[in-house]
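Subject: The structure we talked about

Hi there,

Here is the structure I promised to pass on to you. Please have it open while you read, since my notes follow below it.

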Amino acid sequence: MADKLGTYRSKRDARRTPEPVPDKGPLPEGRDDTFVIQEHHARRLHWDFRLERDGVLVSWALPRGVPDDPKVNHLAVHTEDHPLEYASFAGEIPQGEYGGGQVKIWDRGTYETEKWTDREVKIVLHGTRVSGRYVLFPTNGKNWMIHRMDPPVSPDADPMPEDVRPVEPEPRKRLPQRRDEYGYEFAWGGRRLIMYAERGPARAVAADGRPAKAPRGLGEALGSSRAVLDGELTATDGETYMIFDLLYLEGRSLLDEPYERRRQLLGTLGLSGPHWQTAPSFDDGEAVREAAREQGLPGIVAKRLDGPYRQDKADWRLIPS
Ligand code: MN
């Protein structure tokens, strides 16, 4: 019988990669019911979709992950069979090696096969993050599509907003009188950018509506989370994107959520990278103003804690330092 893992082995050097590279020999016998989806931060972010079948993991690479809506099919590039041991692999493949980058297990579980031919693979997934009926079918050589056969995962999901107008603060001379009803942030004095991230490189739009350059790697850092962010490049280096608001997350528009709640959700994303940071928010306006003065920043922005992300109701105030 042909060596099913021949291609897999030929692409890897067992001394250089932490991935399992089993010796040649008889394949293990499984129950053909395990699936794994690995989030792979390779040169291009993708999700590896693997189904245990006849002693190997039959594999596809999904640049946009598993679709959660039957109206949207996703590309699934057929890749080489992987050893069964790979189902539990997570780790860092060294740069320069095949598939260099971080591998995380995104979901794992069991599946049932409804049909399996060269033209059609129909399955039912039972995972933690993804469940339901799916079909994979080839369209052109190695290129397959994956289609969800069940109803949408979230039928009432909000569409991702496409053209958010950034809320602009109004210039004021003094701190608000009811100081404890506001959160306080530094004004960074740089370029305002709204960032749209949808499983891949982020799309940046400037305040005037023109497309801009997004920090490299930011969209990928969000993994499978779909999000819209508001922030500003710092004036000092013009390089670091300070993120201070979250306007959409995982099928939910947050535009009508209070500032306090949006900040809290933003914090859970833990966004911190080589060219972006989560901007801090404070409750002591006077101290922030003092710190802004010391750091040579133009001012601070007071934001009403219960304010939605709406220009007429947000109540943002720009106060010089
Ligand atoms: Mn991969």
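What follows is a short tour of what was found, from the whole chain to single residues.

Please keep in mind that this is a predicted model.

**The chain as a whole**

The protein chain has 321 residues, and 48% of them are buried. Its secondary structure consists of four helices and 21 strands. Along the principal axes, the C-alpha atoms fill a box of roughly 80 × 45 × 30 Å. The exposed surface of the chain comes to about 16,600 Å², with carbon and sulfur atoms supplying 47% of it. Among contacts with a separation of 6 or more, 57% are between residues 24 or more positions apart.

**Strands around β6**

A good place to begin is β6, which covers residues 101-116. Strand β1, residues 34-41, pairs with β6 in the antiparallel sense over eight bridges. Within that pairing, V36 stands opposite R108. Strand β5 (residues 91-93) also runs antiparallel to β6, and three bridges join them. Here G91 is the residue opposite V103.

β6 has a further antiparallel partner in β7 (residues 121-126), with six bridges between them. If you want one pair to look for, T110 has H126 in β7 as its bridge partner. The connection from β6 to β7 is a hairpin of four residues.

**Two nonpolar cores**

In soluble globular proteins, nonpolar side chains tend to be buried together. In this model, the largest nonpolar core holds 32 residues, and the members that touch the most others are F49, L51, W60, I123, L125 and L136. Two or more residues each come from β1, β2 (45-53), β3 (56-62), β6, β7, β8 (131-140) and β9 (143-148). β3 gives the largest share, five residues.

What does L125 touch, leaving aside its neighbours within four places in sequence? Its contacts are F35, F49, L51, T110, Y111, V130, S131, G132 and Y134. Apart from this core lies another one, of 30 residues, including Y182, W188, A302 and I319.

**The manganese ion**

Which residues coordinate the manganese ion? They are H40 through ND1, H46 through NE2 and D48 through OD, at 2.1 to 2.3 Å. Along the sequence, these donor residues follow the spacing H-x5-H-x1-D.

Are the two histidines buried or exposed? The cut-off for buried is under 20% relative accessible area. H40 has 7% relative accessibility, so H40 counts as buried. H46 has a relative accessible area of 15%, so H46 is buried too.

**An open sheet with helices on it**

Elsewhere you will find an open sheet of four strands with mixed pairing, in the order β10-β21-β20-β11. β10 (170-171) and β11 (182-187) are at its edges; each has a single partner strand, so one side of each has no neighbour in the sheet. The partner of β10 is β21 (residues 316-320), and the two pair in the parallel sense over two bridges. In that pairing, P171 has L318 of β21 as its bridge partner.

Helix α3, residues 259-269, packs on this sheet and touches β11, β20 (299-304) and β21. The direction of α3 makes about 60° with that of β11. Helix α4 (residues 285-294) also lies across β11, β20 and β21, and α4 runs at about 5° to β11.

**Two residues with positive phi**

Finally, two loop residues may catch your eye. D54 is not a glycine, yet its phi is positive, at about 55°. You will find D54 in the loop between β2 and β3. Its relative accessible area is 46%, so D54 counts as partly exposed.

E250 is likewise not a glycine and has a positive phi, of about 50°. E250 sits in the loop between β16 (241-249) and β17 (252-253). With a relative accessible area of 44%, E250 is partly exposed.

I hope this helps you find your way around. Enjoy exploring!

Best wishes

Technical notes
Residues are numbered from 1 along each chain as its sequence is written. This is a predicted model: local features need pLDDT of at least 70, side-chain atom pairs count only at pLDDT 80 or more; totals for chains, interfaces and linings use all residues. Side-chain values use heavy atoms; hydrogens and water are left out. Two strands pair if DSSP finds at least two bridges between them. A nonpolar core is a set of buried Ala, Val, Leu, Ile, Met, Phe, Trp, Tyr and Cys residues joined through side-chain atoms within 4.5 Å. Buried means under 20% relative accessible area, exposed over 50%, partly exposed in between (1.4 Å probe, protein chains only). Contact means heavy atoms within 4.5 Å. Donors are N, O and S atoms within 2.8 Å of the metal (3.2 Å for Na, K and Ca); water is not among the atoms, so sites may look incomplete. Accessible areas come from the Shrake-Rupley method with a 1.4 Å probe; for residues, only the protein chains shown count as cover. Axes are lines fitted to C-alpha atoms, for helices over the stretch in contact, and angles run from 0 to 180 degrees between N-to-C directions.
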